[in-house]
Protein chains: 2
Amino acid sequence: MSDFGDKLQNPTYEADSILADKGIFVTNQRRLIATILFARNQHVTPEQLHALVNQSGARVSKATVYNTLGLFAEKGLVREIHVGNAKTFYDSNTSRHHHFYNVDTGDLIDMKQRLVPLFLHTDLPEGTVMETADLVVRVRNKAS
Amino acid sequence: MSDFGDKLQNPTYEADSILADKGIFVTNQRRLIATILFARNQHVTPEQLHALVNQSGARVSKATVYNTLGLFAEKGLVREIHVGNAKTFYDSNTSRHHHFYNVDTGDLIDMKQRLVPLFLHTDLPEGTVMETADLVVRVRNKAS
DNA sequence: CGTGGCATTAGAATAGTTCTAAAATTGATC
DNA sequence: GATCAATTTTAGAACTATTCTAATGCCACG
């Protein structure tokens with residue numbers, strides 16, 4: 001990149017600085033994935049993201065999508081949400097909030113209510129540290 | 001079974017009545033599974049239960065274990081707990097409580113604290129009904 | 001410009017679960 | 001008790017999400 005003006009125009013610049021801020025080494029694939037992830041707040045599964053990335057012309061392998069999402073989650077860039085039944089979502093909104101999971105449609109929906117009071121680290125089982133605390137309310141369509 | 005006295009002596013009688021109370025048709029396999037499940041409050045995965053049943057001499061197929069646990073959960077006899085990473089646990093303690101899941105050991109541990117306030121059905125997404133509401137706090141061993 | 005180390009890749013492997021089609025069991029009926 | 005329809009059980013194949021593997025590519029630095 002030539003100068004600062006260029007950088008501001010360049011849609012990838014923001015992704016680069018987000019990654020750099022978290023000490024994540026920037027590569028083409030990571031930039032691509034970050035750009036898509038942060039284009040809007042959203043919930044994606046690795047598979048959905050893989051499709052999104054690749055239909056944008058680029059080619060990123062499934063393994064890299066998994067690795068990259070795992071790395072981003074580890075660095076606090078996205079939140080990993082486990083909804084059971086072998087599915088994992090990644091949420092680009094890392095603020096404290098919880099979810100509904102519709103088992104019929106596979107949709108993950110933000111919960112507006114703040115239901116879970118502060119969680120105290122001192123109460124964790126002996127010798128463990130918290131990784132994540134997910135409240136997932138599983139729902140299904142009424143008519144079924 | 002011959003008479004009521006016999007039934008009281010018979011360890012399977014309790015399982016039978018538990019099943020009957022929930023309108024579950026009793027079969028040998030279901031009785032076996034129920035007996036093991038309710039011998040003590042515990043968390044089991046289908047695979048663990050399958051091993052338990054079969055090392056007790058009987059032979060019950062994996063498919064039946066899955067079907068039966070699913071049926072019991074549907075009828076409210078056990079609680080299904082989704083901890084992510086493709087594992088499902090069944091908890092013979094159906095009272096409201098939540099769990100720690102140790103990702104290193106695979107253990108599911110009861111949480112003593114009552115962290116989640118009453119959940120209001122009216123706040124569910126349009127056209128859906130609640131299935132389960134699980135708060136799972138994922139922890140890992142400190143030294144890793 | 002060569003070397004070391006990480007990143008990426010395709011495809012195989014794995015784990016948990018569900019599906020399938022056939023065989024067995026059940027209770028109801030003769 | 002034999003017969004029937006309905007349900008349950010079964011073995012194993014199929015499926016899905018994810019992780020592993022081993023080879024290849026890429027970049028930074030000397």
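**Exercise 1. Which residue is the bridge partner of A:R79 in β3(A)?**

Before we start, keep in mind that this is a predicted model.

Step 1. Find the two strands. β2(A) pairs with β3, residues 88-91 of chain A, in the antiparallel sense, and the pairing runs over four bridges.

Step 2. Look across from A:R79: its bridge partner in β3(A) is A:D91.

Step 3. Now zoom out to the sheet. It's an open one with three strands in the order β1-β3-β2 in chain A, and the pairing is antiparallel. Its edge strands are β1 (43-44) and β2 (79-82) of chain A, each of which pairs on one side only.

A bit of background: strands in a sheet pair through hydrogen bonds of the backbone, and they can do so in a parallel or antiparallel way.

**Exercise 2. Work out which element of chain A gives the largest share of the side that touches chain B.**

Step 1. Count the contacts: 34 residues of chain A meet 34 residues of chain B.

Step 2. List the contributors. β4 (98-102) and β6 (128-141) of chain A each bring at least two residues to the side that touches chain B.

Step 3. Pick the winner: β6(A) has the largest share, with 14 residues.

Step 4. Check the mix on this side of chain A: 18 residues are nonpolar, ten are polar and six are charged.

Step 5. See what β6(A) does there. It pairs with β6 of chain B, also residues 128-141, in the antiparallel sense over 13 bridges. As one example, A:R140 has B:V129 as its bridge partner in β6(B).

**Exercise 3. Find what kind of axis relates chain A to chain B.**

Step 1. Lay chain A on chain B. A turn of 179° with a shift of 0.0 Å along the axis does the job, and the RMSD is 0.1 Å.

Step 2. Name the relation: this is a two-fold axis.

Step 3. Compare the contact surfaces. Both copies use the same surface, as 100% of the contact residues of chain A recur in chain B.

**Exercise 4. Describe the protein surface near DNA strand D.**

Step 1. Count the residues: 20 of them surround DNA strand D, and the closest are A:T88, B:T27, B:S61, B:A63 and B:T64.

Step 2. Sort out the elements. Those giving two or more residues are α4 (46-55) and α5 (62-74) from chain A, plus α3 (28-39) and α5 (62-74) from chain B. The largest share belongs to α5(B), with four residues.

Step 3. Split the surface by class: you get seven nonpolar, eight polar and five charged residues.

Definitions and conventions
Residues numbered from 1 in each chain as written. Chains lettered and ligands numbered in written order. Predicted model: local features only at pLDDT ≥ 70, side-chain atom pairs only at ≥ 80, totals over all residues. Near = placed C-beta within 6 Å. Nonpolar A, V, L, I, M, F, W, Y, C, P; charged D, E, K, R; others polar. Pairing = 2+ DSSP bridges. Contact = placed C-beta atoms within 7 Å. Least-squares fit on C-alpha atoms with pLDDT ≥ 70 in both.
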